Amino acid sequence: MTYRTELVTDESVFAALAPDWGRLYGRCSPATPFQSHAWLHSWWLSYGRPGRLRVLVVRDGDDLVAAAPLMRVRRPVPSLVPLGGAISDYGDVLLDDEHGDAAAAALTEGLAAAARTALVDLREVRPGGAAERIYDHWPGPRRRVGDSLCLELPAVPMAELVTRLPSAKAQQRVRAKLRKLTALGIEQHAVEPDEVDKALRRLLELHRLQWEGRKVTSEHLLPRFRDHLVRSVAPMVRSGDAAVTEFRLDDDVVAVDLTLLSRRLAGGYLYGAHPCLRERKADVAVMLLDACSRHARGSLSLLRGNEPYKHHWRPEPVANQRLLLARRRTAPLLTAALFDVAARSRGKELVRGWRERGGDGP
């Protein structure tokens with residue numbers, strides 16, 4: 001079997017890949033919503049820099065059988081890194097399940113050639129991701145290090161999730177909160193693709209309102225993030241890779257949730273909720289988990305972050321991986337990247353210790 005490899009650096013060519021990319025995405029079982037064409041191309045339009053696009057594709061005849069959506073960066077060392085950046089919880093490549101190791105070997109060979117004087121730095125790879133097969137085939141120096149921690153629950157109905165709580169009293173409290181939501185008359189409405197634009201703008205407005213006066217992820221308030229979300233999610237809802245849910249109270253939209261979907265997981269990505277829900281003693285976290293659990297497939301991911309409130313449900317910790325791949329002549333870049341990883345890890349430990357001491361001096 002002969003494969004043809006192409007390095008795409010032109011934005012219009014990347015845009016035109018959408019139909020082929022969608023078929024490949026559907027044939028790559030480990031893929032997450034963050035590898036969908038709608039998400040990645042929209043991200044590039046909001047965050048990409050001219051001249052840095054590096055999307056490697058592999059074809060068998062006319063069929064796309066592998067793809068690595070990457071861009072070139074200069075810091076901390078010259079590298080090829082996944083598209084999607086910090087706003088994407090998982091990074092990966094795409095490999096057609098039916099083409100097995102042959103497609104993985106072709107993509108690996110193409111990556112080694114495309115990297116040239118750069119390191120291949122695959123961030124936030126979920127265990128079992130397609131990029132692990134690239135790592136296994138890689139002929140040069142390589143290292144696997146830990147990346148962000150994600151927490152996951154089984155894909156079961158809310159009634160079963162409640163039984164995971166550690167005590168009978170905790171379970172009773174959550175059941176009471178669910179009854180409270182019903183008594184308040186809060187209704188869930190699945191947003192159709194042609195309504196997504198309006199619903200997401202409302203989500204971001206409510207998100208800003210709920211965090212007013214408190215520390216918030218500043219990126220979520222920027223126009224480029226809004227444009228990316230509005231542009232990417234409607235086609236994802238249409239293809240079944242996302243679900244947008246409005247929560248209505250007395251005909252008013254008081255909350256909006258965005259859940260991203262793939263064959264193996266569902267993850268609540270972002271929500272906005274009006275402060276009036278707190279005033280009415282509605283538990284927003286329970287309300288959102290209930291909505292997300294209705295879409296769950298395989299795993300219900302709480303996505304990145306080890307926040308204490310997530311542990312109430314006794315989730316399983318699942319650590320993402322960072323796969324660092326070098327050629328022999330770029331081995332010094334691998335060493336430099338590992339030093340950077342160690343330094344950042346040490347810095348986080350120092351900050352954590354400082355906070356645990358109440359912010360006092362060392």
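## Strand β13 and its two neighbours

Let's start with one pair of residues: valine 120 sits opposite leucine 325 in β13. Keep in mind that this is a predicted model. The pairing behind that first example is between strand β6 (residues 119-125) and β13, which run antiparallel and are joined by 4 bridges.

β13 also pairs with strand β7 (residues 142-154), again in the antiparallel sense, this time over 9 bridges. Here leucine 149 stands opposite alanine 319 in β13. How much of β13 is covered? Strand β13 spans residues 316-325, and 7 of its 10 residues are buried, so we can call it mostly covered.

## Strand β11, another well-covered strand

Now look at β11, which runs from residue 265 to 273. This strand is mostly covered, with 7 of its 9 residues buried. Strand β10 (residues 252-261) runs antiparallel to β11, and 7 bridges join the two. To get from β10 to β11, the chain makes a hairpin through 3 residues. Leucine 261 has alanine 266 of β11 as its bridge partner.

β11 has a second pairing, with strand β12 (residues 299-304), and this one is parallel, over 3 bridges. Alanine 266 turns up again here, standing opposite leucine 300 in β12.

## Where two helices cross

Next, some helices. Helix α7 (residues 168-184) packs against helix α11 (residues 284-293) at an angle of about 85°, and their axes are 10 Å apart. That angle makes α7 roughly perpendicular to α11.

Which residues do the meeting? From α7 come Val174, Lys177, Leu178 and Leu181, and they meet Val286, Met287 and Asp290 in α11. Sorted by class, this contact has 5 nonpolar and 2 charged residues, with no polar ones.

## A helix tucked inside

Is helix α3 mostly enclosed or mostly open? In α3 (residues 37-47), 9 of the 11 residues are buried, so the helix is largely enclosed by the rest of the structure. Among the buried ones are His37, Trp39, Trp43, Trp44 and Tyr47.

## The nonpolar cores

The largest nonpolar core has 79 residues. Those with the most contacts inside it are Phe14, Trp21, Leu107, Leu229, Val244 and Tyr269. Take Trp21 as a case study: setting aside its neighbours within four places in sequence, tryptophan 21 is in contact with residues including Phe14, His37, Leu40, Val55 and Leu94. His37 and Leu40 are also among the buried residues of α3.

Apart from that core lies another one, of 33 residues, and its members include Cys276, Cys292, Leu300 and Trp313. You've met Leu300 already: in β12, leucine 300 is the residue opposite alanine 266.

Note on methods
Residues numbered from 1 in each chain as written. Predicted model: local features only at pLDDT ≥ 70, side-chain atom pairs only at ≥ 80, totals over all residues. Heavy atoms only, no water. Axes fitted to C-alpha atoms, helices over the stretch in contact; angles between N-to-C directions. Parallel < 35°, antiparallel > 145°, perpendicular 65-115°, else oblique. Contact = heavy atoms within 4.5 Å. Nonpolar A, V, L, I, M, F, W, Y, C, P; charged D, E, K, R; others polar. Core = buried A, V, L, I, M, F, W, Y, C linked by side-chain atoms within 4.5 Å. Buried < 20%, exposed > 50% of the residue type's maximum accessible area, 1.4 Å probe, protein only. Pairing = 2+ DSSP bridges.
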